[in-house]
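Reader: I'm new to this one and would like to know how its labels are earned. Could you take me through it?

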Amino acid sequence: MTAGAPMKPATTAVHAGLGAPRPGEPVLSPLVPATSFYADPDVIGFSANDLGDDAPHFYARWSNPSAAALEARLARLEAAEAALSFASGMAAISGLFLHRLKAGDHLVLSNVCYAGVAELARALPNHGVAVTAVDTSDLAAVANALRPETKLVHIETPANPILRLADIAALADLAHQTGAALSVDSTLATPIATQPIQLGADFVVHSLTKYACGHGDALGGAVIGKNDAIAALRRDALIHLGAAINPFAAWLILRGLETLPQRMAAHANNACSVAGFLESAPGVKRVIYPGLPSHPQHALARRQMRNFSGMVSFVVDDGAEVARRLAQKLKLVAYAVSLGKTRSLIFHIPTADLLRSSFHLEGRDAESYRDWAGDGVFRLSVGIEDADDIIADLEQALLR
Ligand SMILES: *Cc1c(COP(=O)(O)O)cnc(C)c1O
């Protein structure tokens, strides 16, 4: 490594956030479960409102060494100034929304996104915040939805569960023209595929529960952005809403990040093979994978993603019946929710249920969703097992 050259991701994933090498100190970032830290009465006040940006650790809900190591590594992986960890992805997103949006403000939200976010946004009008849900793959629709009061545009790319993409650089330009900030839920992409801050986004959010952790054994979330914005978020949202990450979860996720580049390469390679198999499998009507030339936004995927990630969605006839058969017959792939774990996971998401209970889409928006998802999609999180074994398991279970 030449002096001053930025570390490559595989190096950052292992080294960012480690302390200085000192004889007798551990060579990894230790787990620190302490809830309070020795304080200097001249340096630190009692209120979060007096917290300086470089204040030492004080109380674990403000900051703690295990969360700080994770935050340093995440910021570096996203090529951003700062990161703030939360107890879950939803805690990160609700913290960001409640911090950035006040009564009278307006949020533009992707009309396809993590169901919990769509459901959370429906409660915002109770706090005086107006919300417009739009197809964020359609730049004209987003331009139409923007108002002088729009403070935040929140997108997800690829969007759960139909893997629709949104053009981060173009949406950042649009949002900034009206003075709004752009936040990007990049959970499915991970920083290995896409670095939204580098493309002009103001905030990146992650459910660290998924690929970042990678092993399905810790909940966490993060918001990443500029120093000032993240310091304000820490004071306003983390400290007062209280959803601080558990140090043990932070430590597990920090360890998970060490292999993120290698795991994402394996997830994407396997997903590519599995998507190819599904495209020719009898009974499969449609396969959605950003890495396939048949994805309607494959050109954008090539431009915006260095890795097509491990999520594959597919549509079959009689999804509900096939779901029951898969749950019974799959041996290696687990029929379960969540994603981004070493082990392959699959779950069926019926369109009618999702549109009714989470997205509340009607008319043209509902039609457009059905164009992608039919009556329902199988969301397959392709793991890092051998691709041949994953395909063989799917093949035996899909057969009647
Ligand atoms: C899982 C997920 C979330 C929510 O994260 P939790 O850690 O479960 O709270 C948000 N966005 C996306 C895209 C997700 O997949």
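Author: Sure. Ser338 sits in the loop between strand 10 (334-335) and strand 11 (345-350). Keep in mind that this is a predicted model.

Reader: Why is Ser338 called partly exposed?

Author: Its relative accessibility is 30%. Buried means under 20% and exposed means over 50%, with partly exposed in between, so at 30% Ser338 counts as partly exposed. The backbone of Ser338 also has a phi near 75 degrees, a positive value in a residue other than glycine.

Reader: What makes Leu163 count as buried?

Author: The same kind of check. Leu163 has 2% relative accessibility, and the cut-off for buried is under 20%, so Leu163 is buried. Leu163 lies in the loop between strand 4 and helix 6, and its phi is positive too, near 60 degrees.

Reader: What is the peptide bond from Thr157 to Pro158 like?

Author: That bond is cis, with omega near -10 degrees. Pro158 is in the loop between strand 4 (150-156) and helix 6 (168-177). Pro161 is found in the loop between strand 4 and helix 6 as well, and the bond from Asn160 to Pro161 is cis, with omega near 5 degrees.

Reader: And how do you know whether Arg235 is buried or exposed?

Author: Neither word fits. Arg235, in helix 8 (residues 227-241), has a relative accessible area of 26%. That falls between 20% and 50%, so Arg235 is partly exposed.

Reader: Which domains does the chain have?

Author: The domain assignment gives domain 1 (9-257) and domain 2 (260-398). Their contact takes 41 residues from domain 1 and 42 residues from domain 2. The C-alpha centres of the two domains lie 26 Å apart.

Reader: What makes the meeting of Asp167 and Arg303 a salt bridge?

Author: Their side chains come together at 3.1 Å, N to O. The limit is 4 Å between a side-chain nitrogen of Lys or Arg and a carboxyl oxygen of Asp or Glu, so this pair qualifies. Across the interface of domain 1 and domain 2, the rule finds one salt bridge, along with 22 residue pairs in polar contact.

Reader: Which helix gives the largest share of the side of domain 1 that touches domain 2?

Author: Helix 7 does, with four residues. By class, that side of domain 1 has 24 nonpolar, eleven polar and six charged residues. As for area, about 3,400 Å² is buried between domain 1 and domain 2, and carbon and sulfur atoms give 59% of it.

Note on methods:
Residues numbered from 1 in each chain as written. Predicted model: local features only at pLDDT ≥ 70, side-chain atom pairs only at ≥ 80, totals over all residues. Heavy atoms only, no water. Domains from an automatic or database assignment. Contact = heavy atoms within 4.5 Å. Buried area = accessible area lost by both parts, 1.4 Å probe. Polar contact = N/O pair within 3.5 Å; in protein donor to acceptor, adjacent residues only side chain to side chain. Helix = DSSP H or I, 4+ residues; strand = E, 2+ residues; numbered from the N terminus. Nonpolar A, V, L, I, M, F, W, Y, C, P; charged D, E, K, R; others polar. Buried < 20%, exposed > 50% of the residue type's maximum accessible area, 1.4 Å probe, protein only.
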